[in-house]
Every structure is written in C-alpha cells, then in structure tokens.
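Work through the two exercises below. Keep the sequence and the 3D view open, and try each task before reading its solution.

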Amino acid sequence: MSIGCVYIPPENSKYASKDAFEEIEREMVTLRDDEQLCSLIGDFNARTGTLLDFVIPDENLVEVLDENLNDEITDFLYDYQNLISLKIPLKRCSEDKMRPNTQGYKLVEFCKRNNLYITGGRTGSDKGIGKATTKDNSLIDYFIVSSNLFKYIEEYEIIPFDALFSDVHKRIHVKLTTEVTTIEKEKSSHKRKTIKWIEKDKHKFIENIRKNEEKVLDLCNEIESSKKKIIMI
C-alpha cells in the first residue's frame, strides 16, 4: 500500500498549476505497488460538493465489447462494486453547499480514472455528514483511497477547528488497521560489520536493560502483537 501527502495551491493563486493532477497521477503510477492499493491525503483546494467520483459502465457498451474484455478490464470497470460489498455508500454527503470549483471537477475526474474514492461523508464518524474541513465551511481537504482500503479504515473523523494547528483548516484524523506481513530482506553484496561481544562489559548491558525495563516490556508486547496499526493525523 502506498500513501501520498498532497498540497495543491488554490486555483487563483500565482502558484496554481493546471497540470497538478496530471503530475500527481504520473507520480502515483510510478510508486503504486503491485496490489494497486493507493491512498492520498491532504489539501486539494477542491470543492466537489456531492459530485460522483466513480463511473457506472454503460451495460449496452459492455455487452458490445464483451469479447474483448478480459478479467483485468472488467475488474477495473466494476471496481465501484467493492464499496457496495463493504457496505460503503456510493452517494457522498457534504456540508459544503457551494458550487464545485474547477479543481473539484478535476479531482473527481482524477478519482474516476484511477478508481480512487473520497472517504469523507462515507465512513467513520463522518458517515452521512461530510463535515467541512475549514472554519469557513468549505470542504477542500480529502483522504482518497482504493476501494479495497475501506475495510482497513478503523476511524475517520474531522477534528474541530483549533487555531493552534492552522489558521483555516481543521484536521483529518484517520486510523488504519491491517495485518502484519512478512518483509523479505534483499540480499546485499556488502559485508556487514560484526559486533563482537565484550564479556567484561556485560554488566553495562544488563544495567541498561534494568534502567529501561518498561521500554523493553513495551517492545516485547509490540512484537507479540498480531496486528500493526497505522495512525495518521
């Protein structure tokens, strides 16, 4: 799974780029893992309202093209059905009642091309709400994910505005939980430095463990745990 942090300047800013989403897409395609699980979080300065961020294929067209469709293409076309199977609503809610802006339209088109979905208004304590992400009641900050990542979202919440953290934005709190996987280490041709045990210094080693007994126990508990939790605020 790959996670990217995004900031896109406001569309009327002197720093704005009309190619911002294309640049992000190229980078994302390069870094995306084999399982095609991807997520992006950040300030997109995009007002999307309740625009659809997915496409339902035209059945007549699918029927015509049926002989030329392989499993991979079919899975891509009907990816949105993963939301249905996970009981994630297709229709989003949003407190932002202003008209979508140009970047909002670009964001939903970006989602459609890459089978990514806006989580706001669909999950966690924000389900059925779609809270604004700024003190000005605009929703411009997003956490967008591949459909199969919804099952790992344990918490999703828009934190009330706090001037200590931002002059305008509220914080997005996301908590993901997944099973631990084994990471295979790549073989290296470089020789590793061998640390020699110094018998006369063993008392220092024992003393350090005793001084940090609580930390050692915490580490042991983490190792024994069968789950790894990722917390993003």
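**Exercise 1. Place strand 2 in its surroundings.**

Task: Find out how many residues of strand 2 are buried, and which strands pair with strand 2.

Solution.
Step 1. Six of the six residues of strand 2 (residues 38–43) are buried, so the rest of the structure largely encloses this strand. Buried means under 20% relative accessible area (1.4 Å probe, protein chains only). Strands are DSSP runs of E with at least two residues, and helices are runs of H or I with at least four, both numbered from the N terminus.

This is a predicted model, where local features need pLDDT of at least 70, side-chain atom pairs need 80 or more, and totals for chains, interfaces and linings use all residues. Residues count from 1 along each chain as its sequence is written, and side-chain values use heavy atoms, without hydrogens or water.

Step 2. Strand 1 (residues 2–7) runs parallel to strand 2, joined by six bridges. Strands pair if DSSP finds at least two bridges between them.
Step 3. Strand 4 (residues 141–146) runs antiparallel to strand 2, with five bridges.
Step 4. Look at isoleucine 41 in strand 2: cysteine 5 stands opposite. In strand 4, its bridge partner is phenylalanine 143.

**Exercise 2. Trace glutamine 103.**

Task: Decide whether glutamine 103 is buried or exposed, and find which backbone oxygens its side chain reaches.

Solution.
Step 1. Glutamine 103 belongs to helix 5 (residues 102–114).
Step 2. Its relative accessible area is 6%, so glutamine 103 is buried.
Step 3. Its side chain reaches the backbone oxygen of phenylalanine 44 at 3.0 Å. The backbone oxygen of asparagine 45 is also reached at 3.0 Å.

Conventions. Buried means under 20% relative accessible area, exposed over 50%, partly exposed in between (1.4 Å probe, protein chains only). A polar contact is a pair of N or O atoms within 3.5 Å; within protein, one must be able to donate a hydrogen and the other to accept it, and residues adjacent in sequence count only if both atoms are side-chain atoms.
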